[in-house]
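User: I would like to understand how the descriptive labels attached to a model are justified. Please take me through the reasoning behind them, one label at a time.

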Amino acid sequence: KLPVLELENVSVGYDSPAGMVQAVNDVSLKIYENTIVGLIGESGSGKSTLGNAIIRLLKNNAMLTNGKIKIMGQDVYSLNKKELRKFRWSQMSMVFQSAMNALNPVLTIEAQIVDVFLSHHKKMTLKEAKVKAKELFEIVSIDPTHLNSYPHELSGGMRQRVVIAIAIALDPKLVIMDEPTTALDVVVQRSILDKIKEIQKVKKFAILFISHDFSLVTELASKVAIMYAGRFIEVTDSQSLSHKDKHHPYTKGLINAIPQLTADEVIIEGIPGNPPNLIDLPSGCSFHPRCPYANDRCKTEQPAGSKVGNRYIECHLYDMVGEEVTIHE
Ligand code: ATP
Ligand code: SF4
Ligand code: MG
């Protein structure tokens, strides 16, 4: 079956006065239709850079330095400008980080949604586009009277629903959601997540859901890619993340960092240390300066990565013999 999204050894770098920032470093992943895949990692690990690279909206000083990004089998970077304009929003769309401020302040919500329809459907009339906009508002549960509002007249939660509505307007196959609820309070966050789940179930598109909230991602996604210093250090099904066994040491740290509400007292164990400088990455495994299991080999040799069933782990502790994973710790 054709994956909706296929990343093949993708690397992205930023040109900076101090040198090349290796923001995304050789990541591979497949996402199939009707699935939600989570992407988690600390701030600065490269999540947004990867999202922007997929939809081909990288900043001016950024470039895809290696690899291929395919959506429905189509290499996104081989499209010309005109093809890309058609492809974006109809095949792939993105809810950007701090998207709430992404709406045009001087246009009504209706004008902005209508514009999406008209720019992609040459034969659609204004009247038809307005009907479509109204339908879309029903899908995201906003009262259609708000169509004539300006962005500043809506609450944060409603603006975020509008942004999601625009992202799904043209029924894309892949929607990238970059921290879509982070700026919202917990109650609004919950209702938007429920809405996302509900729409996804009906429309069956694939979602790449970017967040640094571990418990939120594991709840929403069926599969999770864990990013550290630009690399996918582990890709696993989210069920496996409910227990600490057989995970990458960084993943274990993330699992430990979740407050254990079942215990008598709440214990939060963070991961000591800071993420590395992406201009001058540590030798060997990038995680070695912070890894409690690091040995001499880790300091010199980048772990190759093992694939076991649906899982992928980049760590020297894991040796694969057939389908069996052996852990030396
Ligand atoms: P957050 O959780 O804070 O959103 P992130 O995982 O999305 O973080 P990115 O925004 O992708 O991280 O940034 C990855 C790395 O690229 C960071 O080290 C960041 O400093 C660097 N970076 C981002 N934008 C630029 C830029 N325009 N020029 C140079 N470096 C950049
Ligand atoms: Fe830790 Fe070594 Fe595994 Fe890296 S390769 S995560 S340093 S044990
Ligand atoms: Mg980000």
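Analyst: What follows concerns a predicted model, and each answer sets a value against the cut-off that gives the label.

User: What makes S48 and Q97 the protein donors of the magnesium ion (ligand 3)?

Analyst: The OG atom of S48 and the OE1 atom of Q97 lie 2.0 to 2.2 Å from the magnesium ion, and a donor to this metal has to be an N, O or S atom within 2.8 Å, so both atoms qualify. Water is not among the atoms, so the site may look incomplete.

User: Why can this pair be said to tie together separate parts of the chain?

Analyst: S48 lies in helix α1 (residues 47-54), whereas Q97 lies in the loop between β6 (92-95) and α3 (109-120), so the two donors join parts that are 49 residues apart in sequence.

User: Why are S48 and Q97 called partly exposed?

Analyst: The label applies between 20% and 50% relative accessible area. S48 has 21% and Q97 has 41%, so each value falls in that range and each residue counts as partly exposed.

User: How do you know that α1 is mostly covered?

Analyst: Seven of the eight residues of α1 are buried, namely K47, T49, L50, G51, N52, A53 and I54; each of these is therefore under 20% relative accessible area. Helix α1 is followed by R56, which has a positive phi near 60°.

User: What makes the residues around ligand 2 a mainly nonpolar shell, and which of them are the closest?

Analyst: The shell around ligand 2 has 13 residues, and C285, C291, C298, C315 and H316 are the closest. The shell divides into 10 nonpolar, three polar and no charged residues. Cys counts as nonpolar under the scheme used, so the four cysteines named here fall in the nonpolar class, while His is not in the nonpolar or charged list, so H316 is counted as polar. The space taken by ligand 2 is the largest cavity.

User: How do you know that β1 and β4 pair, and in which sense?

Analyst: Two strands pair if at least two bridges are found between them; strand β1 (residues 5-16) and strand β4 (residues 62-71) have eight, in the antiparallel sense, so they meet the criterion. Among the bridge partners, V12 is matched with L64 in β4, and S11 with N66 in β4.

User: What makes β4 and β5 a pair, and what is found in their hairpin?

Analyst: β4 and strand β5 (residues 74-75) are joined by two antiparallel bridges, and because at least two are needed, this pair satisfies the criterion. K70 stands opposite D75 in β5. The hairpin has two residues between the strands, and M72 there takes a positive phi near 50°.

User: Why are β2 and β5 called edge strands?

Analyst: The open sheet consists of four strands in the order β2-β1-β4-β5, with antiparallel pairing. The strands β2 (19-31) and β5 each pair on one side only, and that is the property behind the label. β2 pairs with β1 over nine antiparallel bridges, including the one in which G13 is matched with Q22 of β2, and β1 and β2 form a hairpin with two residues between them.

User: What is notable about phi in W89 and E179, and are these residues buried or partly exposed?

Analyst: Phi is near 75° in W89 and near 45° in E179, and each is a positive value in a residue other than glycine. W89 lies in helix α2 (residues 81-90) and has 24% relative accessibility, which is not under 20% and not over 50%, so W89 counts as partly exposed. E179 lies in the loop between β7 (174-178) and α6 (186-203), and its 7% is under 20%, so E179 counts as buried.

User: Why are L278 and Q189 called buried?

Analyst: L278 has 14% relative accessibility and Q189 has a relative accessible area of 14%; buried means under 20%, so both residues carry the label. L278 lies in the loop between α8 (249-256) and α9 (296-300), and Q189 is placed in helix α6.

Key. Residues are numbered from 1 along each chain as its sequence is written. Chains are lettered from A and ligands numbered from 1 in the order in which they are written. This is a predicted model: local features need pLDDT of at least 70, side-chain atom pairs count only at pLDDT 80 or more; totals for chains, interfaces and linings use all residues. Side-chain values use heavy atoms; hydrogens and water are left out. A residue is near a molecule or strand if one of its heavy atoms lies within 4 Å of it. On a 1 Å grid over the protein atoms alone, a cavity is a set of points where a 1.4 Å probe fits but cannot get out, and a pocket is an open set with protein on both sides within 12 Å along at least five of seven lines; lining residues have an atom within 4 Å of a point. A molecule sits in a cavity or pocket if more than half of its atoms lie within 2 Å of its grid points. Donors are N, O and S atoms within 2.8 Å of the metal (3.2 Å for Na, K and Ca); water is not among the atoms, so sites may look incomplete. Buried means under 20% relative accessible area, exposed over 50%, partly exposed in between (1.4 Å probe, protein chains only).
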